[in-house]
Amino acid sequence: MTGLHWPSIRGRARADAGPLLLVALVVAVVAVLVGATPPMLRSTSDEATRDAVRRAADDAAVRVEAEWPDDYGPTGGRLRAPRLADDVAGLSSLAANDLDPALRSALRPPVATVSSISMAVTDGSVQRRLQLEYLRTESGGPEVTWIAGRAPGPSTRDQFAEIPLNGAPWPMQIGLSEADAAVLGARPGDRIPVQDDRRNPYNVRVSGIFRPVDPADPAWRLAPWLLRPAANRDGLGSTRFGGLLSDESLPDARLAFRSDQLRRSVRFDADPDRLTWESAQALASAVATLKGLSAVSAERDTSLKWATQLDSVLRDLRSQIATASAQATVLLLTVLVGALLVVSLTADLLTRRRARSLTTARERGASLPAIATELTIESVAVAVPAAALGLALAAALAGSASVTWVLPFLLLTAAAGPAFGTLAAARATRDKRSPANRSARRWASRTTLLRRVAVDVAVVALAVGALVALRQRGIGSTDEGDVGLPAAAPTLGALAAALLLMRLLPRGTGGALRLALRSRRPMVLFAAARAAATASRLLPALTVTAAIALASFAVTLHATTDRGLSDGAWQAVGADARLTVGSEAAGSTVAIAGQVAAARGVSAVVTARVVESERFIADQTSIAARLVVVDTAAFRRLLAATPLPGLPDPAGLAATNDGTVPALVRTSDGSLRPGTQFRLPLRTNSAIPMAAIGAAPAVGNGDDVIVVDVATARAAGLESAPNTVWATGPGAAEAIRATGADGRLTTRAGVLEERRTAPLTAGLVRLQLIAAGALLALGLLGFALAAAASAPERWETLARLRTLGLRPRDAHRVAAGELLPVAVVAVVCGPLLGALLARLTVEPLALRVLTGQVAVPVTVVPWWTAELVTLVAFTAVLSAVVATESSVRRKRRLGDVLRVSS
Amino acid sequence: MTGALLTVRGVNRTFGSGAGAVHALRDVSFDVEPGTMVALVGRSGSGKTTLLNVIGGLDRPDAGSVVVDGLEVTGLDEDGLSQLRRDRVSYVFQTFGLIPVLSAAENVGVPLRLARSEPAGRERRVNLLLDLVGLADHAQQRPGELSGGQQQRVAIARALAASPRLLIADEPTGQLDAETGLAVMGLLRGVVESEGVTAVVATHDPVMMALADRVIQISDGRVPAC
């Protein structure tokens, strides 16, 4: 019999339909997971790109400004330019033409704006300010309907009038919205008395009242006060109104203001809906090029000055996506290896069930290639349709399916059964006799031991190498998908540690057996004897322990991410709520803080002056850091009411005799350390000497912070008017909101929610949970398979013990006791290993990129969850296995044991 | 039947039903006197093992009764049968059935542990039995370190450990070479005499038949009237 024997193939498949279906199920589920994850990651990256650009809003907009050209006339006065509106429109076209086509396609149509300074309305009533605006979209809009009066027209019939430089205020006409006009009580023809901060008057007359054709036109968002009064925009309680300039009145506005009082710009809003991750990458380089050109042309006054944070937004996003991809790869590898181990265990079970038939086939002349081919046909017939089904489901779920991971998994799965079976057949008929003399036997035994040790050392060395590579190189900085060996570090670490544990297991069960021999309880002895007999089987215990360790690793990553998000939100806000007011409102900050402090549900409030990117000099090196000028004693009390790190004793921050300002410092590159002397340059060409006396807490995003006490700063002549209010307590956000202050309110809850729902973070957290669940299921499945593989021997032993008088219920206990060691090792060591792996890899896995933390997230091991879930799950499976086996045993006559040939 | 250690009366055992039913035992009846060694002889499939199973309570007959040492076996529940096997009936298997990770002495002590014997008494009994079967020097060796014949001797010692009244052996020399088989048979004969135990041994071996006090022929599930 050297050819294929189809009846044998069919017969084996029929007899072992259960295990084969199990393999198919595992392959299908894994194919769904690893087939769907890459396309889902791609779509999540696209979504994250859109989300990041949407959230960045103003930062993602591309703005271009250009100085006005000189408008001096032939007699030295200023010359009216009647076609100024066309020039502004031309600026839009010019800017659009400068854009890279890829970038242009990702941006919305430009809106050109001309904005005046904000002027005080001097009608003696409440504080009101007027700002004149000219808006122009590509279509000439936004369109308005004049419901009273007429559109602003020219102030002079002489279109090319030339006015003296220091003449009377040049008249200009504006339009008011219905709402603005109603509040101002202005009607067409009325003059609005306004003056700038230097009390220079301006001649502004209302020509008409308008109504927007489409109030939702995005162009209005650039100057919302044109449509309705904007309350407290400057934080001083004033109300801002907008005066609309027309094509005809714009030239007069140009003459009425100095060049530096009227700003022209073009804004291109990014269109998130047109962005994908791939297009965003091209965009980032286009934006960088654009900004580079802008810098080169900075000296030409009328040249285009580009400004945008889009490249920075995309750079941050790129880092996040690379990190998320790498972490997804890490998790997928854990599931793949867990599944491969379970498939191998199933192949081992199949081989044990078929041992006799395979031996018989060999004895009847079947060649090993023929047996291997038969088993391969069966294996392929099971695995390929299952993988195809899984991929189809993945495509249905994710829109497409990736075969990158599925193919190697499928190959290994299809090879496992034939490999185990062929090896068993070869061993069954191998003419290998034990050497006759003792030294030869010892030599053979030592050779086997050496081979085993070599394999163990290789696995451990690989795992250590991968962990070292991961810790040294990290994982988030590499390109997407190209994560190599470091990504396998947790998986290899779990395998190596589980392997070493399994090598110790026989010693453990041997020790337990020795103890049991001293026991007077026979069941303990029998269980220990059975456990010792099966402890040398490596694959079952390795599968179960490694799978549970990896499940614990995934669940620890999840808990760490969750805690990191919470900590990151605390750090980003600095309290439960933070109000950032503009420089114009600096004077009202203390009053606002007083109102907030008096509100219910507020436990601590502190005001501070926070200056972003302040320049410091240390050792001739310029350092940009966030400067926080705060009452350090109050700040310390506030931090004490939060989970944030506390502040050192503020006594050391008091002013020194030599005028040096003591400061707490924190820099990402360590350029400022306690003990460092540095200085803060002032505009007056002088500098304030400073000394770093301790470590500052992380305040807000970024890692470069310098904290000084407000009293010391004031004494040193440093600007200290507060512009930030921090408040803690459950009612902090509401209390700030209730003040009506128009600054930017940031709440911790809001930041946390925003970060938790960010597509990448939410997707990765989901994947962590899925991986943990899948690995737990694989571990339990492995345990059940291991029990099934040893069930025949267990039945035989228990049956023989029954013939010696063991009662049926005691047989259950012995069976449970035999299976207990693997379960105990998995329940006790699995979570420990997972926690250890997480502790070793949380930093290089760059979780902080997703949690938004400055520091490495604190590794959170959910001991209770991990241990309790594992314990309950294993107890349930153990009970089910023992009950099922008992039921099967009942169906089998005890007398059959007399016929069993060992 | 007064005085018989084992009484089998009208035992029937059928496997399956309908046309495919196999009548393994048909109205089997016989008695075995205490302290005798009975050889149960018959061709393969004649019902020897089924009969041994029924006698030892490993299987239940469809009809008939089995009385061992005055105890009606067929009326016992599972716990009762376990008690029977612990106290009165023991087995010697063709394949030895030793626990591989326990030494010879520990294997012999298993029935005594089940009977909750005192450790000191257990040790004495184990040593005695190992001495009886000629394996006192191999007490600490594991089954894998013993030859087939030695393993079967350990199995016989284990079977005798709890001082059973009835020893049931199913082809005890089936896996041994002729010389070793002969030694094991001799041992069985010896322990029957020295321990006063009654033995029912299923065998094909004519030597064993010669050593037995009585031979019961079984054919197609029937035992000729004795």
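This is a walk through a predicted model of two chains, A and B, with something to select at each stop.

**Stop 1: chain A on its own**

Hide chain B for now and show chain A as a cartoon. You should find 24 helices and 22 strands. Chain A has a radius of gyration of 38 Å, and the globule rule gives 29 Å for its 902 residues, so chain A is more spread out than a compact globule. Line the view up with the principal axes and the C-alpha atoms fill a box of roughly 120 × 65 × 50 Å. Colour by burial, and 49% of the residues of chain A come out as buried. If you like contact maps, look at the contacts in chain A with a separation of 6 or more: 82% of them are between residues 24 or more positions apart.

**Stop 2: the domains of chain A**

Now give each domain its own colour. Domain 1 takes 62–307, and domain 3 takes 582–742. Domain 2 needs a selection in pieces: 483–490, 500–571 and 748–902. How far apart are the C-alpha centres of domain 1 and domain 2 of chain A? Put a pseudo-atom on each and you get 68 Å.

**Stop 3: A:Ser115**

Select A:Ser115, in strand E3 of chain A, which runs over residues 111–121. Is A:Ser115 buried or partly exposed? A:Ser115 has 19 other C-beta atoms within 10 Å and the buried class begins at 20, so A:Ser115 counts as partly exposed. Leaving out neighbours within four places in sequence, show its contacts: A:Gln131, A:Glu133 and A:Arg263. For a sense of scale, draw a C-alpha to C-alpha distance from A:Ser115 to A:Ala454: 77 Å in space, with their positions 339 residues apart in sequence.

**Stop 4: A:Leu776**

Jump to helix H21 of chain A and pick out A:Leu776. A:Leu776 is buried, because 24 other C-beta atoms lie within 10 Å. Not counting residues up to four places away in sequence, A:Leu776 touches A:Ala551 and A:Ala873. Try another long ruler here, to A:Phe210: the C-alpha atoms of A:Leu776 and A:Phe210 are 67 Å apart, and the residues are 566 apart in sequence.

**Stop 5: a helix pair, H13 and H22**

Two packed helices are described by the angle between their axes and the distance between the axes. Show helix H13 of chain A (489–518) together with helix H22 of chain A (808–841). At what angle do H13(A) and H22(A) pack? The angle is about 145°, and the axes are 10 Å apart. The crossing of H13(A) and H22(A) is right-handed.

Turn on side chains for the residues that make the contact:

- From H13(A), the selection includes A:Ala489, A:Pro490, A:Gly493, A:Ala494, A:Leu501 and A:Leu505.
- From H22(A), take A:Pro821, A:Val825, A:Cys829, A:Leu833, A:Leu837 and A:Thr841.

Colour the contact by class and you will see eleven nonpolar and four polar residues, with no charged ones.

**Stop 6: two positive phi values**

Follow chain A past H22 into the loop that leads to helix H23 (847–851), where A:Ala846 sits. A:Ala846 is not a glycine, yet its phi is positive, about 55°. A:Ala846 is buried, because 22 other C-beta atoms lie within 10 Å.

Bring chain B back and select B:Ser163, in the loop between helix H6 (148–161) and strand E7 (166–170) of chain B. Here too phi is positive in a residue other than glycine, with a value near 50°. B:Ser163 has 15 C-beta neighbours inside 10 Å, so B:Ser163 counts as partly exposed.

**Stop 7: chain B as a whole**

Zoom out to see chain B, with its eight helices and nine strands. The radius of gyration of chain B is 17 Å, close to the 17 Å that the globule rule gives for 226 residues, so chain B is as compact as a globular protein of that length. Its C-alpha trace spans about 55 × 35 × 35 Å along the principal axes. Buried residues make up 52% of chain B.

**Stop 8: where A meets B**

Finish with both chains on screen and select the contact, which has 23 residues from chain A and 24 residues from chain B. On the chain A side, helices H13, H14 (522–534) and H21 (759–803) each give two or more residues. Which element gives the most to that side? Highlight H14(A), with five residues. By class, the chain A side has 13 nonpolar, six polar and four charged residues.

Conventions:
Residues numbered from 1 in each chain as written. Chains lettered and ligands numbered in written order. Predicted model: local features only at pLDDT ≥ 70, side-chain atom pairs only at ≥ 80, totals over all residues. Contact = placed C-beta atoms within 7 Å. Helix = DSSP H or I, 4+ residues; strand = E, 2+ residues; numbered from the N terminus. Nonpolar A, V, L, I, M, F, W, Y, C, P; charged D, E, K, R; others polar. Buried ≥ 20, exposed ≤ 12 C-beta atoms within 10 Å, placed from the backbone. Rg over C-alpha atoms; globule rule 2.2 N^0.38 Å. Domains from an automatic or database assignment. Axes fitted to C-alpha atoms, helices over the stretch in contact; angles between N-to-C directions. Left-handed = near helix turned anticlockwise from the far one by under 90°.
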